[in-house]
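Trainee: I am new to this structure and should like to learn how to read it. May we look at the model together?

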Amino acid sequence: MDFIARKLKVVKAVALVTYKEWSAYRTHSMVSIFVGPVYFIVQYFIWSAVYSRRTYLNGMELSEMLTYFGVTTLIGYITMDFADWNLQMLVRTGKFLTFAIRPIHHRFFALSQKIGHRILGLFFEFIPCLFIFVFIFKVDLRPASYFWTIISVALAFLMNLYMNYTIGLTAFWLVQATGVRRVYLLLQGIFSGGLIPLVFFPKALQKLLLFLPFQYVSYVPAMVYIGRYTLADVSVPIPHIVGLQAVAVIVTALFSELVYRLSMKRFSGVGA
Amino acid sequence: MLRKYIRIYLECIKISVSTAMTYRLNFLLDNFIMLVSNILFPLVTLLIYGSGAEFPNWSLYEVLLIQAVFTMSTAIANIFFGGVLWVTMRHIIEGSLEIVLIKPVNCLFYLVASTVEFGSLTLFIGGVVMFAVALSHVGPVSILMILQFIVLFLSGVCVMMGISLIMAATSFKWVGNSRLPEIFDSIKYFGRYPQNIFHKAISAVTSFIIPVAMIGYFPAAALLGEADFTAFIAILPCFVFTMGGVLLFRHMIRLYEGAGG
Amino acid sequence: MAIIDVRNLTKTYCTYKRGSSFTDTLKSFFHREKIIVNAVRDVTFQVDEGQIAGILGPNGAGKSTTIKMLTGTLYPTGGQISVMGYTPFRDRSTYVNHIGAVFGQKSQLIWDIPPIDSFHMNKAIYSIPEKEFRNTLNELTGMFELEDVIEKPTRVLSLGERMKCEFVMAMLHKPKIVFLDEPTIGLDVIAKQKIRSFIKEMNRQGVTFILTTHDLEDVEQLARKVIIINHGQKVFDDTLQNLKMNLGQKKIIRLVLSKPVAEFELNGIKVIEKNSDYEYTLEVSLENNSINSVIKQLSEMCEFSDISIKELPMEKIITEIYENGLKEA
């Protein structure tokens, strides 16, 4: 119990500090209040035109489609992650050392940091955009189930952190780690479902995506929000897909820990 | 005078090329990522048409033609004016714009010339390939249509330049905001699609006020034989917009000089 | 009692030759040339509790490698380290609770917010009880007169203020041992002096300091024990006084002559600087002469209007050790 209380204190302190640190840049976050709705308007007209002669497309209605884009945008504000970039900067400047001599697992620090950073995102990106979507654009954004949606978004939050953190760890090996990061972010951008619902991809690719971790960052929570999950003609009940998502998070966390240990071995081996 | 400026410009291109050659791997990666991240929106179009849906009264290749033109314009803008924002931003954060101001050349020219960067070369080639493929599927093209296309395309490139300069000018006031381009990218988004899918009010804005329709839509429409009177009227706001960008940037520099950083 | 006990410490890196050109990088995928670097070779030393020990050495000598191994962030290739009974690299997670560190060039403070917020973060990380935190913080900020400074954003602080805050941050959890890597780098004289008196005061309260520096003033004022490392090997390990003694008794004599003199022909005297025909700086070896006889001989040889006798400065001592190694006493 005492252990958990101490951990929570660390989370609180680090999150608070990160929140204050980034508050100075809240106008940066507020760019989203403009960009999010503008993208949504474009999507609205694109899909209205596409749906003008049909009711269903790949099993989705227009209203679902619009909800999908609204929801992925909003989920993006909650789960957005910069752990990889942070970690790479620490490694490159040698400042990682100042974490190695403190009694804290750096990934736990990164998690706490992300919580602080995203609370800021909640206030300056998520809530304003939610209001614009709901009250100005009149998009129906009531989730099918608040319970499963919250769990799924929380899992996506962790998933994104563990994946990005693992990518960030490559900085211990590669001088040019930014290349890996950019290629990864590109792949994530395409295959997480942020671009277009994954059911639009060719069937063979959809089958592959079933087994890749990308969908758990964006597509899965968005479909849980909508209340219906299908990919590659496989329909999965919501509790099951959230369960799968949890398994994916655990596997990614374990993998991330493995890479972390290898990285630490290297760090303490050559002082990279 | 002009010859001096051309010499400077050529010198800057030479430096840019040799920098790219020194960091070859990075250069190739830049090019690759620029290409892939920009073909995402034609990809969405492909996926829509691949699912059996369409934009009403637009064939796949007609839409792709708009997006190919937009891609070429983006690539040209990235190469020739893409760096102005970042270099201006850096100078303002570090308070080092004086280094540029004390040079005996036009400050705006120098900032633009010294940031020529060929990271979007592959993107341009990709755009041209896409353009050629799309064009070969849309029916015969007359000489007149090509001339119209060239005029409209160049106007579109001017709009791109105007946007770059407005962004750079904004960075004087909104110091260090690396998300600035997102705002303008989101507005450019409107130029990537057939304008008749948008609400009339929106397409009026994208044609005459922030003329992003000129980047992709109007030049492509010319090749489809659909360049009407509006397209040519829209050239005027393009030049007003671009001049606005130049004047705004100059104004910011004067303010900066007055305030002494 | 030795709080740090290092025996036969060795660190060998194995790096690969990395070309810069495109073809080189391609080649390196298939065949890489191994380069073995002996960063630290067979170093043994002890530091007693409550001491201030200076580790000196030129750039790349192995100082930082040694410090990193002492903090547990780098594995040794061979040898043993015991600090307060811990083996740093093995017991790192518990060990780091008891040590502090200030790296002159790696800040722990967060750039955009006031230091006090960073302090609160470390309070949570080290689980420092509220009351203890308050007391320590008040004491430390009082010593540096930082009460107002810690409320301002870090980025507006001067380098000196920032470094003082780094010290506060490193001392909040009351570490028994503090490692300092170039702590006064880039600071002005007054800030340096403040930091030195802070270190002395904390040392009086029982904190052991391990210090690497290029600033010999730091060493002269702080360190009672000096360890010199060069090319990864320990070349000296003793008190500062003994370091000076060990190099042979030498003095610097400055002379202002009233009449020019042709040449100083005297055993054990070397002219190291000649400003004009009237001003000389001499280095005198006292191995075979007493200072008394040197002055006597000098006054027979020439007429001088002023004379001053000084210790050999640290710079000279260190340079001599780096260049020639240590003379066997």
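Mentor: Certainly. Please keep in mind that this is a predicted model. Let us begin with one pair of residues: Lys251(C) stands opposite Glu311(C) in β13(C).

Trainee: How many bridges join β10(C) and strand β13 of chain C, and in which sense do they pair?

Mentor: The general idea first: in a regular strand the side chains alternate between the two faces of the sheet. In this case, β10(C) and β13(C), the latter covering residues 304–311, pair over seven bridges in the antiparallel sense.

Trainee: To which strand is β10 of chain C joined by seven bridges, besides the one just described?

Mentor: Strand β10, residues 250–257 of chain C, is also joined to strand β12, residues 279–285, and these two run antiparallel. Within this pairing, Tyr280(C) in β12(C) is the residue opposite Leu255(C).

Trainee: Which domains does the assignment give for chain C?

Mentor: Domain 1 spans 2–244 and domain 2 spans 248–311. Between the C-alpha centres of these two domains of chain C there are 42 Å.

Trainee: How should I read the contact of chain C with chain A, and how many residues does each chain give?

Mentor: In general, the size of an interface is often given as the accessible area lost when the parts come together. Here we may count residues instead: chain C contributes 28 and chain A contributes 23. On the side of chain C, the elements giving two or more residues are α2 (63–71), β5 (99–103) and α4 (115–125). The most comes from α4(C), with seven residues.

Trainee: What is the chemical character of that side of chain C?

Mentor: The residues of chain C that touch chain A comprise 14 nonpolar, nine polar and five charged.

Definitions and conventions: Residues numbered from 1 in each chain as written. Chains lettered and ligands numbered in written order. Predicted model: local features only at pLDDT ≥ 70, side-chain atom pairs only at ≥ 80, totals over all residues. Domains from an automatic or database assignment. Contact = placed C-beta atoms within 7 Å. Helix = DSSP H or I, 4+ residues; strand = E, 2+ residues; numbered from the N terminus. Nonpolar A, V, L, I, M, F, W, Y, C, P; charged D, E, K, R; others polar. Pairing = 2+ DSSP bridges.
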